[in-house]
Amino acid sequence: MPNFRLKESAIFRRTLAIAALFIATNLCLFGFIYWQTAVFETRRIMGFMERQAPVLAETPSEQIRQSMERRHYDDVHRFTVSGLFEQNGAYLAGGLKRLPPGLIPDGGARRLDAFEFADGSNSSEPAIFVARSLPDGRILVVGRNIQELANLLGAVSEALKLGVIPMAILAVGAGAFLSLRMNSRLTRAQRVLRDFQKGDLRRRLELTGARDDFDRLAEAVNVLLDDLERAINELHHVGNNIAHDLRTPLSRVRGNLERLQQMLAGQQTPLALLERAVAGLDQTFALTTALLRIAQLETGRARAFFATVDLGAILRDAAELYEPLAEAKSISLDVETGEEAPVEGDKDLLLEAFANLVDNAIKFAPEGGRIRIALEKSPLGPVAVVADDGPGISEAQRTEVFKRFYRGAQSRHIVGNGLGLALVAAIVKLHGFRVEIADAEPGCIFRLRCYPQTSA
């Protein structure tokens, strides 16, 4: 089963993009609302106070002082705080104890975040002040608290937290849920397709009955799988029928040639021709047998006979089987299997695969050469190695050599039918293993990674 990474899900990534767009849009919306209210209202208050400043300056300073002492001045003119000061800044009347620093008596509105009341207390709430010189030189300062506008920013922020952020979290959660659900369906579909690829041609994609896009896609894929199953079965039947049909007449021909060979015993010339004819028929028999064997493996039915087998013992059996042939070419077989290496598979098929690799190595190894048969360890499982010091296989041919009837330029003079490595590939695929070819100096190395291959 492939490892699922949420960040790699297209649906989840799109959900994140939509959530980010949603958050950005709402931030812009709330920012615009705040600007339209707080900023606009601040400017409106500043404009109002700047327009009132010349009118206030025309009021006699004594009247202003008396109004401040009666504490009616602020209420009448809707000012939060006010103060009357001498030209040198000395306090005369009002709620301000001293002239706020930085406040110029030019009638312009300015925002101050801190000032001191006449009773000695300090204010930390923001306010807008206007200072204006009166005709007698005194300075009138009026201010209006704008804390409600600061509170508005808090209300906007709170609305953002209570509205936008939960919605974004909900959107991300929904995207994660849909992605996981989608991954579950995709994983089941991948499992079905892998089983079909391994030879279980009856497997089909699941239909939920929801009639959604995935159900329609599954229906289309199932139709394609039906066509593939029919085509594969027809192809297998054709190949099997041809092979079976060839075996019967070839058997008759071989039988007749054998009888004729017995009749011509002692006559060397016709006997040699008959022996070559029999050898040719034997090669044809081997060819049809190999084709039938590959067709049988590709159906995947042999998987029902899998059991736990010792890979090291199978390698030793393959080496022992071909030891006489190696001795005939003075080739040394170095077997390094080490401890037991259990795998799930068919013992006879794995022995056949390794035997083909050893036979192939003996064919291409030079006289007096060396073949290494070994069992190596990897973090994922055992790796079987068959290495020779022959001419090797070029990188361009390493995929081609596993195809049926393929014979490279360096192998055309060697007896064979080009099906040995194709049979190895079929057995490896049946077991879910992988075969690799690497360079040696000289020669080449076949590595069979004898553990299930999973995609990341």
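The protein chain folds into 9 helices and 14 strands; helices here are DSSP runs of H or I with at least four residues, strands are runs of E with at least two, and both are numbered from the N terminus. This is a predicted model, in which local features need pLDDT of at least 70 and side-chain atom pairs count only at pLDDT 80 or more, while totals for chains, interfaces and linings use all residues. Residues are numbered from 1 along each chain as its sequence is written, and side-chain values use heavy atoms, with hydrogens and water left out.

Some overall numbers come next. Of the 456 residues in the protein chain, 38% are buried, where buried means under 20% relative accessible area, exposed means over 50%, and partly exposed is in between (1.4 Å probe, protein chains only). The accessible surface comes to about 26,100 Å², and carbon and sulfur atoms account for 57% of that; areas follow the Shrake-Rupley method with a 1.4 Å probe, and for residues only the protein chains shown count as cover. Taking contacts between residues at least 6 apart in sequence, 62% join residues at least 24 apart, a contact being heavy atoms within 4.5 Å.

Strand β1 (residues 81-85) is a mostly covered piece of the chain, with 5 of its 5 residues buried. In a regular strand, side chains alternate between the two faces of the sheet. In β1, V81, G83 and F85 point one way, S82 and L84 point the other way, and all are buried. β1 has an antiparallel partner in β7 (residues 139-145), joined to it by 5 bridges; two strands are said to pair if DSSP finds at least two bridges between them. Within that pairing, S82 is matched with V142 of β7. Strand β2 (residues 91-94) also pairs with β1 in the antiparallel sense, over 3 bridges, and here L84 has A93 as its bridge partner. The hairpin of β1 and β2 has 5 residues between the strands, and G89 in this hairpin takes a positive phi near 95 degrees.

Further along the chain there is an open sheet of 5 strands, in the order β9-β11-β12-β14-β13 and with mixed pairing. Its edges are β9 (332-336) and β13 (434-439), each of which pairs on one side only. From one strand to the next, the twist averages 15 degrees. Inside the sheet, β11 (residues 370-377) and β12 (residues 382-388) run antiparallel to each other over 7 bridges, with K377 opposite P382 of β12. Helix α8 (residues 347-364) packs on this sheet and touches β11, β12 and β14 (444-449), its direction making about 20 degrees with that of β12; axes are lines fitted to C-alpha atoms, for helices over the stretch in contact, and angles run from 0 to 180 degrees between N-to-C directions.

Charged pairs are the next topic. Side chains of opposite charge can pair when their charged atoms come close. With a salt bridge taken as a side-chain nitrogen of Lys or Arg within 4 Å of a carboxyl oxygen of Asp or Glu, the count comes to 14. One of them brings together R370 and D334, at 2.4 Å from N to O. This pair ties strand β11 (R370) to strand β9 (D334), 36 residues apart. R370 is partly exposed at 42% relative accessibility, and D334 is partly exposed too, at 23%. E336, R372 and E376 are linked in a salt-bridge network. Elsewhere, R110 meets D106 at 3.0 Å, N to O, and R203 meets D195 with the closest N and O atoms 3.2 Å apart.

Helix α4 (147-198) offers both covered and open spots. R185 lies in α4 and counts as buried because its relative accessibility is 17%. Apart from neighbours within four places in sequence, R185 is in contact with T208, D212, F214 and D215. The C-alpha atoms of R185 and F214 are 8.7 Å apart, although 29 residues separate the two along the chain. L170, also in α4, is exposed, with a relative accessible area of 56%. L170 joins F22, I23, L27 and M167 in a nonpolar surface patch with about 430 Å² of accessible area together. Patches are made of residues with over 30% relative accessible area and no salt bridge, with like charges joined within 9 Å and nonpolar side chains (Val, Leu, Ile, Met, Phe, Trp, Tyr) within 5 Å. Helices α1 (10-57) and α4 each supply at least two residues of this patch, and α1 gives the largest share, 3 residues.
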